[in-house]
Amino acid sequence: MSTPRRRIGFYRWIVLALIILGIYITGAFPPIQPHVQLPAEAISEPLFTLPVIGEFRMTNTLLATLIADVLLILMAFGVYRATRDPKNIPGGISGLVSTIVEALYGLVETTAGKWARRIFPFMATIFLLVLTANLMELIPGVDSIGWLHHVEEGGHGYPVRYVGSLGLLEKAAEESHAEAGYSLIPFLRVASTDLNFTIALALIAVVMTQVMGVRAIGPSYFGKFIAFGNFLKMWVRERLGPFDVIFPFIDIFVGLLEMVAEFAKILSFSFRLLGNIFAGSVLLFVMGTLVPMIQSGFLFLELFVGFIQALVFSMLTMVFMTMAMQSHGNHEGEHA
Amino acid sequence: MQITPEVAQILVQGLKYLGAGLAMVGTLGAGLGIGILGNGAVQGIARNPDTAGAIQINMILAIAFAEAVAIYALVVALVILFVG
């Protein structure tokens with residue numbers, strides 16, 4: 001060992017020191033359970049008023065979405081700058097993003113085949129956006145730093161200990177009631193816990209699936225939903241076997257079912273992502289109250305779940321787009 | 001017994017907890033479904049180890065569908081507890 005290195009196992013002492021510091025701090029300042037609610041909380045006064053919808057306030061999930069967007073644009077810019085340089089191989093974060101994009105493109109090519117170039121931008125953008133939004137849950141400070149506001153009757157309130165001009169909510173020795181009660185509205189909340197974000201993504205995915213289908217097959221793509229072709233042929237043919245009368249009605253029914261399935265896809269996409277990430281954040285809150293020392297173990301679970309949900313959302317989008325772009329040419333071939 | 005507003009509030013809160021607990025019984029089906037999927041995937045890999053990558057991707061896709069039903073049940077339970 002010619003080069004001087006730190007002693008093997010240096011970083012494990014730092015981790016041990018942090019663990020002991022964490023145990024001591026959670027003993028001194030026991031964490032409270034924050035107020036959990038499904039709709040996002042507003043963190044500012046009404047900024048402006050739209051004519052039909054009403055007043056517009058900045059909510060904490062909207063702020064988190066904007067930060068995720070800015071992070072993605074910065075990453076894209078960084079990778080662009082790194083790949084323009086012909087001498088150096090991109091390293092660090094640019095290399096990581098390049099690896100992820102290559103792996104995703106390989107995945108899209110094995111599933112989509114010749115339509116990979118058209119499907120890949122949507123699939124990769126949805127993956128990276130949902131992944132960035134989910135990973136923001138793990139950053140300390142998200143969901144825990146925010147405005148303190150007075151709680152009215154009937155809600156849980158906690159007393160405040162002031163450290164300088166910052167306030168810390170603390171568990172009271174006895175149950176305190178509403179006069180001393182304060183509660184927390186976080187500045188940043190995970191974007192995927194807001195139903196608006198997930199429904200918007202699901203709508204984009206399903207509408208773009210239809211657009212892709214029309215671009216690949218043409219307007220006869222809608223013949224999947226409105227399947228009157230066989231029905232009309234039934235009136236024109238001379239000789240009708242018994243099945244030639246039954247199949248057209250079944251085709252019409254199946255077309256209606258397909259249309260209902262498209263709407264079910266929107267609901268399924270949005271609630272799958274919302275349920276997983278919202279349940280994960282509630283789990284982190286509850287574990288932070290019950291066993292504050294080992295809450296970090298659940299952060300690993302949240303990391304895994306966030307990654308898997310991003311992958312599942314984008315892979316399902318890719319699979320549905322591929323299925324939409326394949327012409328259902330089998331049906332026309334049979335009744336020749 | 002007279003049902004005053006305080007008693008009514010306690011009753012509603014208790015029934016909310018009961019409802020949320022009952023709503024989670026639906027996750028039984030998802031657990032069974034994912035187990036059956038895992039069984040099929042592992043047997044497929046055992047028969048044909050070369051296709052392990054493709055089988056794994058399809059298994060993850062199908063598990064996402066099966067788990068979504070459990071997530072619907074969870075969302076119903078959370079809505080019962082925390083909304084209204």
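This report walks through the overall make-up, one helix pair and the empty spaces of a predicted model.

**The chain as a whole**

Let's start with the big picture. Chain A contains 9 helices and 7 strands. It has 336 residues, and 37% of them count as buried. If you look at the contacts in chain A between residues with a separation of 6 or more, 69% of them join residues 24 or more positions apart.

**Two helices that pack together**

Two packed helices are described by the angle between their axes and the distance between the axes. Try this with helix α2 (residues 60-84) and helix α3 (residues 93-112) of chain A: they pack at an angle of about 95°, and their axes are 9 Å apart. Angles of 65 to 115 degrees count as roughly perpendicular, so that is the word for how α2(A) and α3(A) lie to each other. On the α2(A) side, the contact is made by A:M75, A:G78, A:V79 and A:A82, while α3(A) brings A:I93, A:S94, A:V97 and A:S98. Sorted by class, the residues of this contact are 5 nonpolar and 3 polar, with no charged ones.

**Open and enclosed spaces**

Now for the spaces in the model. The largest pocket has a volume of about 1800 Å³. Its lining is made of 43 residues, and those nearest the centre of the pocket are A:P31, A:P140, A:G141, A:S144 and A:Q295. Several elements of chain A each supply at least two lining residues, among them β3 (140-143), β4 (146-150) and α8 (295-325). The largest share of this pocket lining comes from α1(A), with 7 residues.

The structure also holds 4 cavities of 30 Å³ or more. The largest cavity encloses about 110 Å³ of space. Residues lining this cavity include A:P34, A:H35, A:D143, A:R189 and A:F285. Two elements of chain A, β7 (182-186) and α7, give two or more residues to the cavity lining. The largest share, 3 residues, comes from α7(A). Helix α7 (242-290) of chain A also supplies at least two residues to the lining of the largest pocket.

Here is how the two linings divide by class:

| Lining | Nonpolar | Polar | Charged |
|---|---|---|---|
| Largest pocket | 27 residues | 12 residues | 4 residues |
| Largest cavity | 6 residues | 3 residues | 3 residues |

To find these places in the structure, you could begin with A:P31 and A:Q295 for the largest pocket, then turn to A:F278 and A:S281 for the largest cavity.

Notes. Residues are numbered from 1 along each chain as its sequence is written. Chains are lettered from A and ligands numbered from 1 in the order in which they are written. This is a predicted model: local features need pLDDT of at least 70, side-chain atom pairs count only at pLDDT 80 or more; totals for chains, interfaces and linings use all residues. Side-chain values use heavy atoms; hydrogens and water are left out. Axes are lines fitted to C-alpha atoms, for helices over the stretch in contact, and angles run from 0 to 180 degrees between N-to-C directions. Helices (H or I, at least four residues) and strands (E, at least two) are DSSP runs, numbered from the N terminus. Angles under 35 degrees count as roughly parallel, over 145 as roughly antiparallel, 65 to 115 as roughly perpendicular and the rest as oblique. Contact means heavy atoms within 4.5 Å. Ala, Val, Leu, Ile, Met, Phe, Trp, Tyr, Cys and Pro count as nonpolar, Asp, Glu, Lys and Arg as charged, and the others, Gly among them, as polar. On a 1 Å grid over the protein atoms alone, a cavity is a set of points where a 1.4 Å probe fits but cannot get out, and a pocket is an open set with protein on both sides within 12 Å along at least five of seven lines; lining residues have an atom within 4 Å of a point. Grid points are joined across faces, edges and corners, and a volume is the space filled by probe spheres set on the points. Buried means under 20% relative accessible area, exposed over 50%, partly exposed in between (1.4 Å probe, protein chains only).
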